[in-house]
Amino acid sequence: MRAQFVLKEIGIGLRRNLTMTIAVVVSVALSLTLFGAGLLVSSQANSMKDYWYDRVEVSIFLCNKSDPKKDGCANGEVTNVDREAIKADLDKMPEVKTIYYESKQDAFKHFKEQNKDSALGDTLTPDQLPESFRVKLHDPTKFEIISSAFSNRAGVHDVQDQKSLLKPFFDLLRSAQYAAYGIMAFMLVVAILLIVNTARVSAFSRRRETGIMRLVGASNFYIQGPFILESAVAGLAGALVASGLLTLGYYFGIKKGLADAIELLSQQLIGFDSVIAVFPWLFILGVGMSAVASFFTLRKYLKV
């Protein structure tokens, strides 16, 4: 197939169906932007999980003299024997990464630091606060192993997992990711329908030329090639626009928005390398979707 002929036919097709082509480019761009946004939301959720889960601790609160005498606190305040036994068992567990013991005095000091302006700090004494072991796990999702091993054990009042505090936040991120994927799927359907319609209109407007080409013995690929490449060009343009939109969205929405507004988030947000990693998928999906949709449409309407 001569390159000059192909380029000429592509140009003719794009000019004849300029409005339809623009509609295809816009719909492909929007659907690919949402697809890329879904991938970035997923990457961001994983990044924040890794950041926060690495800081998640399991707290084993020991019995205080003011705790109700039931379950693990049936014998009253934790004894030195119980405390040492708990520490020894934690040291033996392969799931445990580090262990930090917080005494009543340490707990009182932390409480005063976190509640400087609270009047409660003036009435509270160290004896009213519980001792605890703060345990960091190699895999924070294995909290149940610690919970089942130490809940209701002598000297243990309660076992708490900080991961549960983060669950609503990650559920929100997951919902946003699913919403982006749902809208993306809808826009992809719209884009495919526009591509199919554009290919039909283009084939109909050039039915005379294709009829002559069939009569002179042109191959199916020779006839279909320009139509498929027109769709691929539109898909490529849509992918380029989507790449630009994602870049602008990252720069102004995340880099200059969240990162500058909330300094704490700057260590958790994904970098531009994550955005760049999405670009190849945009071009593969944009060009591939357009070319494949056009190919199957032309098999029916050109009857070659």
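Which hand does the link of Cys-63 and Cys-73 have, left or right? Keep that one in mind while we get our bearings. What you have in front of you is a predicted model, and a predicted model comes with a confidence score. The mean pLDDT of the protein is 77, and 75% of its residues reach 70 or more. That confidence is not spread evenly: it is lowest in helix α1 (residues 3-16), where the mean is 59, and highest in α3, where it is 90. Where pLDDT is low, the predicted coordinates should not be read in detail. With that in mind, go easy on α1, the part with the lowest confidence.

Back to the opening puzzle. The structure holds one disulfide. A disulfide is a covalent bond between the sulfur atoms of two cysteines. Here it joins Cys-63 to Cys-73, with an S to S distance of 2.0 Å. Turn the view until you look at the S-S bond, and you'll find an angle of -90° about it, which makes the link left-handed. Both cysteines sit in the loop between β1 and α3, 10 residues apart. Are they buried or exposed? Cys-63 is buried, with a relative accessible area of just 1%. Cys-73 is buried too, at 2%.

Stay with that loop a little longer, since a salt bridge starts there. The structure holds five salt bridges. In one of them, the side chains of Glu-77 and Lys-104 meet, with 2.6 Å from N to O. Glu-77 lies in the loop between β1 (58-62) and α3 (80-92), while Lys-104 belongs to helix α4 (residues 104-114), so this pair ties together parts that are 27 residues apart in sequence. The two ends have their own surroundings: Glu-77 is partly exposed, at 30% relative accessible area, whereas Lys-104 counts as buried, at 14%.

Now follow the chain into α3, the part with the highest confidence. How far apart are the end C-alpha atoms of α3? Let's work out what to expect. The helix has 13 residues, and at 1.5 Å a residue they should span 18 Å; the end C-alpha atoms turn out to be 19 Å apart, which agrees. (If you tried 13 times 1.5, note that the expected span uses one less than the number of residues.)

Next, look at which side of α3 faces where. Its buried residues are Arg-83, Ile-86 and Leu-90. Seen down the axis of the helix, these buried residues fall within an arc of 65°, so they line one face of α3. Turn to the face pointing away from that buried side and you meet the exposed residues Asn-80, Val-81, Glu-84 and Lys-92.

The helix also has a salt bridge of its own. Lys-87 pairs with Asp-91, their closest N and O atoms being 2.9 Å apart. Both residues lie in α3, four residues apart, which is about one turn of the helix. Lys-87 is partly exposed, with a relative accessible area of 29%, and Asp-91 is partly exposed as well, at 48%.

From here, move on to the strands. Another salt bridge brings together the side chains of Glu-102 and Arg-134, at 2.8 Å from N to O. This pair links distant parts of the chain: Glu-102 is in strand β2 (residues 96-102) and Arg-134 in strand β3 (residues 132-137), 32 residues apart. Both Glu-102 and Arg-134 are buried.

Rings make contacts too. A search of the whole structure finds three aromatic pairs. One of them is Tyr-101 with Phe-133, a tilted pair with 5.4 Å centre to centre and 50° between the planes. Tyr-101 lies in strand β2 and Phe-133 in strand β3, so this pair also ties together parts that are 32 residues apart in sequence. Tyr-101 is partly exposed, at 30%, but Phe-133 is buried, at 2%.

For another aromatic pair, travel further along the chain to Tyr-250 and Phe-272. Their ring centres are 5.7 Å apart and their planes are at 45°, so this pair is tilted. Tyr-250 sits in helix α9 (residues 220-261) and Phe-272 in helix α10 (residues 272-301), with their positions 22 residues apart in the chain. Tyr-250 is buried, with a relative accessible area of 10%, while Phe-272 is partly exposed, at 33%.

Technical notes
Residues are numbered from 1 along each chain as its sequence is written. This is a predicted model: local features need pLDDT of at least 70, side-chain atom pairs count only at pLDDT 80 or more; totals for chains, interfaces and linings use all residues. Side-chain values use heavy atoms; hydrogens and water are left out. A salt bridge is a side-chain nitrogen of Lys or Arg within 4 Å of a carboxyl oxygen of Asp or Glu. Helices (H or I, at least four residues) and strands (E, at least two) are DSSP runs, numbered from the N terminus. Buried means under 20% relative accessible area, exposed over 50%, partly exposed in between (1.4 Å probe, protein chains only). pLDDT is the predictor's confidence in each residue, from 0 to 100. A disulfide is a pair of cysteine sulfur atoms within 2.5 Å. Rings of Phe, Tyr and Trp (its six-membered ring) pair if their centres lie within 6.5 Å; planes under 30 degrees apart count as stacked, over 60 as edge-to-face and the rest as tilted. The arc is that of the directions from the helix axis to the C-beta atoms.
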